[in-house]
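Hi there,

Here is the structure I promised to pass along. Have a look at it first, and then read on for my notes.

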Protein chains: 2
Amino acid sequence: MLILLPASLDAQLQRDSGISHFEYAVMSALSEAPQRTRCMSELADLANGSLSRLSHVVKRLERRGWVRREPRPEDGRYTNAILTGEGWDKVVESAPGHVEAVREMVFDVLSEEEVEQLRRIGQRIHLRLSPHGMMAQRHGQD
Amino acid sequence: MLILLPASLDAQLQRDSGISHFEYAVMSALSEAPQRTRCMSELADLANGSLSRLSHVVKRLERRGWVRREPRPEDGRYTNAILTGEGWDKVVESAPGHVEAVREMVFDVLSEEEVEQLRRIGQRIHLRLSPHGMMAQRHGQD
DNA sequence: CGATGTCACTTGAAGTGTCAAGCTAAGTAG
DNA sequence: CTACTTAGCTTGACACTTCAAGTGACATCG
């Protein structure tokens with residue numbers, strides 16, 4: 001399940017929208033940000049990827065006209081990635097299909113009770129894996 | 001969680017044993033087979049990968065001395081992949097660390113009850129995603 | 001003011017995955 | 001026996017990820 005589910009979700013996005021799940025995550029994170037803008041390192045964290053990977057991907061998204069980059073005015077070390085109008089349209093066009101796929105693959109086959117159980121289980125495992133979760137480990141509490 | 005867990009498991013294997021999760025799955029599937037032997041297409045299914053990907057990976061495993069290939073005697077279209085002695089040792093050496101990682105990341109943070117819930121939930125989603133699961137769905141095409 | 005350090009990011013090369021095309025062995029029809 | 005089809009697998013080109021090294025902007029210290 002841990003292999004098939006991510007692969008299936010990736011495949012749906014690739015098939016229906018021509019983008020990878022990572023690209024979707026990046027554009028989606030931008031679409032929810034104030035000014036549709038975030039700096040690269042923040043974006044890398046949100047999309048769960050390395051800065052290097054993000055840099056390559058944003059270069060491709062820029063080439064496709066969905067994102068543009070500019071240095072942050074008050075500190076030139078930061079690079080702001082900004083979702084363009086076309087990028088916004090792309091997210092709006094891709095999102096419903098992706099959400100529907102998640103519903104079909106996951107929520108449709110579970111009862112309401114199971115959804116709640118999965119939420120708790122996922123939360124615990126996620127907490128254990130996130131950097132913060134490692135801290136809490138010794139004190140055995142969440 | 002769906003992003004972090006596979007990534008963390010991959011990272012553990014890469015760090016401690018120098019192999020990818022897919023390579024581990026391939027060698028593990030061979031180690032459990034009669035004669036430590038399976039044909040390529042069967043192996044691709046078991047490891048949840050394409051035949052092409054498997055072919056490339058087995059070529060690399062062969063170069064590292066962990067697997068060898070030979071045509072099946074009674075039907076030359078099939079290629080048998082066979083785990084070597086060294087390959088067996090590699091699996092035996094890698095398995096405990098990987099099993100322990102899964103335990104730490106998943107089972108340690110869940111109660112017995114939650115483990116049982118996760119088993120049921122995983123089974124349902126897996127069934128929905130596997131080719132057979134699509135059939136079982138009430139004739140709904142997508 | 002210049003040297004040094006750090007931070008945020010980019011780049012190029014090497015490795016890996018994917019896709020389409022090709023190869024060989026076995027089966028089938030005339 | 002020849003021609004065609006199918007099954008199982010391999011290959012090569014291209015795209016993506018990763019890793020190590022590099023760049024430029026700002027901060028600090030003498």
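Let me begin with the protein–protein interface: chain B and chain A bury about 2800 Å² between them, and 74% of that area is on carbon and sulfur atoms. Please keep in mind as you read that this is a predicted model. The contact involves 27 residues of chain B and 27 residues of chain A.

There is a charged and polar side to this interface too. Six salt bridges are found across it by the rule. One of them to look up on your screen joins Glu114(B) to Arg120(A), where the closest N and O atoms are 3.9 Å apart. Counting polar contacts between chain B and chain A gives six residue pairs, with both residues at pLDDT 80 or more.

Which elements of chain B give two or more residues to the side that touches chain A? They are α1 (4-17), α5 (85-105) and α6 (112-129) of chain B. The largest share comes from α6(B), which supplies 11 residues. By class, this side of chain B is made up of 15 nonpolar, six polar and six charged residues.

**How the two copies are related**

Chain B superposes on chain A through a rotation of 180 degrees with 0.0 Å of shift along the axis, and the RMSD is 0.1 Å. The two copies are therefore related as by a two-fold rotation axis. The interface fits with this: 96% of the interface residues of chain B are also interface residues in chain A, so the copies meet through the same surface.

For orientation within one copy, chain A has seven helices and three strands. Along the sequence they come in the pattern α-α-β-α-α-β-β-α-α-α. A box of roughly 45 × 40 × 25 Å, taken along the principal axes, holds the C-alpha atoms of chain A.

**DNA strand C**

Now to the DNA. Around strand C there are 20 residues, and the nearest of them are Ser41(A), His56(A), Arg69(A), Ser52(B) and Arg60(B). Of the strand C atoms within 4 Å of the protein, 69% belong to sugar or phosphate, and the rest belong to bases.

Two histidines reach base atoms here. An N or O atom in the side chain of His56(A) is 2.8 Å from a base oxygen of DNA strand C, and a polar side-chain atom of His56(B) lies 3.1 Å from a base oxygen of this strand. On the backbone of the DNA, a phosphate oxygen of strand C is 3.1 Å from an N or O atom in the side chain of Arg53(B). The elements giving two or more residues to the surface near strand C are α3 (40-46) and α4 of chain A, together with α4 of chain B. That surface divides into five nonpolar, eight polar and seven charged residues.

**DNA strand D**

Strand D also has 20 residues around it, and Ser52(A), Arg60(A), Gly76(A), Ser41(B) and His56(B) come nearest. Sugar or phosphate accounts for 65% of the strand D atoms within 4 Å of the protein, with bases making up the rest.

Which residues have polar atoms beside the phosphate oxygens of strand D? Arg60(A) places a polar side-chain atom 2.8 Å from one. For Met40(B), a polar backbone atom is 3.0 Å from a phosphate oxygen of strand D, while Tyr78(B) has a polar side-chain atom 3.0 Å from a phosphate oxygen of this strand.

At least two residues each of the surface near strand D come from α4 (51-63) of chain A and from α3 (40-46) and α4 (51-63) of chain B. Its residues, sorted by class, are five nonpolar, eight polar and seven charged.

That is everything I have for now. Happy viewing!

Best wishes

Note on methods
Residues numbered from 1 in each chain as written. Chains lettered and ligands numbered in written order. Predicted model: local features only at pLDDT ≥ 70, side-chain atom pairs only at ≥ 80, totals over all residues. Heavy atoms only, no water. Near = heavy atom within 4 Å. Polar contact = N/O pair within 3.5 Å; in protein donor to acceptor, adjacent residues only side chain to side chain. Helix = DSSP H or I, 4+ residues; strand = E, 2+ residues; numbered from the N terminus. Nonpolar A, V, L, I, M, F, W, Y, C, P; charged D, E, K, R; others polar. Contact = heavy atoms within 4.5 Å. Buried area = accessible area lost by both parts, 1.4 Å probe. Salt bridge = Lys/Arg side-chain N within 4 Å of Asp/Glu carboxyl O. Least-squares fit on C-alpha atoms with pLDDT ≥ 70 in both.
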